[in-house]
Amino acid sequence: MVEFSLDLNEDQRDVRDWVHGFAKDVVRPAAAEWDAREETPWPIIQEAAKIGLYGFEFIANCWADPTGLSLPIANEELFWGDAGIGLGIFGTTLAVAAIYGSGTPEQMVEWVPQCFGTVDEPAVAAFCTTEPEAGSDVGSMRTRAVYDEAKDEWVLNGQKAYATNGGIAAVHVVTASVDPSLGSRGQAAFVVPPGTPGLAATKKLKKLGLRASHTADIFLDNVRVPGSCLLGGKEALDERLARARSGQRAASQAAMRTFELSRPTVGSQALGVARAAYEYALDYAKDRVQFGRPIIENQAIAFTLADMKMEIDAARLLVWRASWMGRNNRPFEAGEGSMSKLKASEVAVSVTDKAVQILGGAGFLREHPVERWYRDAKIYTIFEGTSEIQRLVISRAISGMQIR
């Protein structure tokens with residue numbers, strides 16, 4: 001097992017500086033435009049693909065880091081540039097995490113490259129699990145998957161809500177209930193290949209923040225996929241369902257497994273937003289003069305900035321710890337993955353709010369990016385497990401009781 005260390009090695013520093021350079025030179029200058037356009041930033045995704053930042057090889061190299069820190073480091077730097085564009089580039093990794101977490105080696109080889117496309121024609125992927133009546137309550141999922149044994153096909157019917165890249169994705173990974181009587185233990189994940197009939201999407205949803213990232217609802221009307229598109233395969237599913245029906249304890253279901261893998265990474269994205277706002281507010285406070293002196297010389301402003309910096313660093317420590325634990329198969333016995341996402345998301349909301357306040361009236365104008373970061377930050381306390389759900393996970397872990 002690799003020891004946990006706060007001293008980044010040369011490779012990690014190189015990744016940090018490389019991604020930061022792309023965020024500084026390419027992402028941040030384009031952020032306001034794509035936020036206003038509310039469109040998928042395909043040219044920037046292609047630029048990321050050209051330099052090797054968008055693609056499975058980059059994700060695989062980050063994952064190969066035995067400390068688990070390269071991926072959160074890269075996410076923090078990219079989302080420091082802009083969260084909407086950042087999710088446009090890294091949103092595909094959620095579907096990839098689902099395939100990696102539940103798929104067979106053959107399925108990974110077949111589907112992961114299609115999630116990214118090519119440098120000349122980049123593609124995106126979507127992970128579709130949330131439903132109108134099943135958000136935090138994953139066990140209430142209504143999307144059904146029925147096996148057609150004669151044709152060795154699965155037939156999917158239902159609706160998914162708030163899917164990142166939904167409808168524009170080459171590959172959709174969809175969770176569905178195979179046996180509703182088992183609740184979340186009766187669910188599985190399926191790959192819906194490009195061009196599969198019966199999958200349709202709404203227009204891009206208009207959002208408070210992350211406007212450059214495409215979000216849509218998905219409708220599945222008798223969508224037929226080959227049996228090979230069941231992640232993990234039917235034999236493994238049948239064994240898991242048999243254990244559940246017999247009352248045996250089973251591993252977490254497909255959607256939650258993906259979220260467990262991704263929570264520290266999502267926390268690092270929130271960190272990037274928070275750090276961007278903090279740094280901007282710090283520079284502004286040094287330059288803004290009121291009553292004959294820079295406003296940072298006032299304790300109210302200086303102490304606020306001190307708290308912002310302290311909270312960001314504390315959140316990063318939780319994110320790095322959870323990332324290291326996840327990579328080294330250390331169990332989250334106290335909900336450490338949820339801790340990292342919870343802390344980082346709430347720090348992002350708090351820090352961006354304080355940044356707007358420090359700028360005063362200027363912070364309310366689109367001339368300054370803090371208003372965009374303020375809008376972008378809020379979603380991190382909601383998606384991939386609300387703050388309330390994270391506290392539920394942590395409280396169950398530390399108490400050993402089924403808190404409701």
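# A guided tour: helices, crossings and two unusual loop residues

The crossing of helices α1 and α12 is left-handed. That is our starting point, and since you have the structure open, keep in mind that this is a predicted model.

**Stop 1: α1 and α12**

Select residues 10-37 for α1 and residues 370-377 for α12. The two axes come within 11 Å and cross at roughly 70°. Angles from 65 to 115 degrees count as roughly perpendicular, and α1 and α12 are therefore roughly perpendicular to each other.

Now show the side chains where the two helices meet. On the α1 side, pick Arg28, Ala31, Ala32 and Asp35; on the α12 side, pick Arg372, Trp373 and Arg375. Colour this contact by class and you will find 3 nonpolar residues, 4 charged ones and no polar ones.

**Stop 2: Asp35, on the α1 side**

Stay with α1 and centre the view on Asp35, which lies in that helix. Is Asp35 buried or exposed? With a relative accessibility of 7%, Asp35 counts as buried, as the cut-off for buried is under 20%. Setting aside residues within four places in sequence, the contacts of Asp35 are Arg211, Arg372 and Arg375. Arg372 and Arg375 are also among the α12 residues that you picked at the first stop.

**Stop 3: along α12**

Next, select the whole of α12. How many of its 8 residues are buried? The count is 7, so this helix is mostly covered. To highlight them, choose Val370, Glu371, Arg372, Trp373, Arg375, Asp376 and Ala377.

Pause at Glu371, another residue of α12. Glu371 is buried, and its relative accessible area is 12%. Which residues does Glu371 contact, leaving aside its neighbours within four places in sequence? Select Gly363, Leu365 and Arg366 to see them.

**Stop 4: Trp80 in α4**

Move on to helix α4, residues 70-81, and find Trp80 there. Trp80 has a relative accessible area of 6% and is buried. Draw a distance from the C-alpha atom of Trp80 to that of Leu271: the separation is 7.9 Å, although the two residues are 191 residues apart along the chain.

To see what surrounds the Trp80 side chain, select the residues that Trp80 touches, not counting those up to four places away in sequence:

- His20, Ala23, Lys24 and Arg28 are among them.
- Gly272, Arg275, Ala276 and Glu279 are also included.

Arg28 may look familiar: this α1 residue takes part in the meeting with α12 as well.

**Stop 5: α2 and its buried face**

Now select helix α2, residues 42-50, and colour Ile44, Ile45, Ala48 and Ala49, which are buried. Turn the view to look down the axis of α2: these buried residues fall within an arc of 145°, so they line one face of the helix. The spacing fits a general pattern. An α-helix has 3.6 residues a turn, so residues three or four places apart point the same way.

What do the buried residues of α2 pack against? Show α1 and α5 (83-90), and you have both partners. Before leaving, step to Gly52, which follows α2 and has a positive phi, near 90°.

**Stop 6: α2 meets α5**

Keep α2 and α5 on screen. Their axes come within 10 Å and cross at roughly 60°. That angle makes α2 oblique to α5. The crossing here is right-handed, while the crossing of α1 and α12 is left-handed.

Ile44, Ile45 and Ala48 of α2 make the contact with Ile85, Gly88 and Ile89 of α5. Sorted by class, the residues of this contact are 5 nonpolar, 1 polar and no charged.

**Stop 7: two loop residues**

Finish in the loops. Between β6 (199-201) and β7 (215-226), look for Leu210. The phi of Leu210 is near 50°, a positive value in a residue other than glycine. Leu210 is buried, with a relative accessible area of 4%.

Then go to the loop between β8 (289-290) and β9 (293-294), where Phe291 is found. Phe291, also a residue other than glycine, has a positive phi near 55°. Is Phe291 buried or exposed? Phe291 is exposed, with a relative accessible area of 83%.

Notes: Residues are numbered from 1 along each chain as its sequence is written. This is a predicted model: local features need pLDDT of at least 70, side-chain atom pairs count only at pLDDT 80 or more; totals for chains, interfaces and linings use all residues. Side-chain values use heavy atoms; hydrogens and water are left out. Buried means under 20% relative accessible area, exposed over 50%, partly exposed in between (1.4 Å probe, protein chains only). Helices (H or I, at least four residues) and strands (E, at least two) are DSSP runs, numbered from the N terminus. The arc is that of the directions from the helix axis to the C-beta atoms. Contact means heavy atoms within 4.5 Å. Axes are lines fitted to C-alpha atoms, for helices over the stretch in contact, and angles run from 0 to 180 degrees between N-to-C directions. Angles under 35 degrees count as roughly parallel, over 145 as roughly antiparallel, 65 to 115 as roughly perpendicular and the rest as oblique. A crossing is left-handed if the near helix is turned anticlockwise from the far one by less than a right angle, and right-handed if clockwise. Ala, Val, Leu, Ile, Met, Phe, Trp, Tyr, Cys and Pro count as nonpolar, Asp, Glu, Lys and Arg as charged, and the others, Gly among them, as polar.
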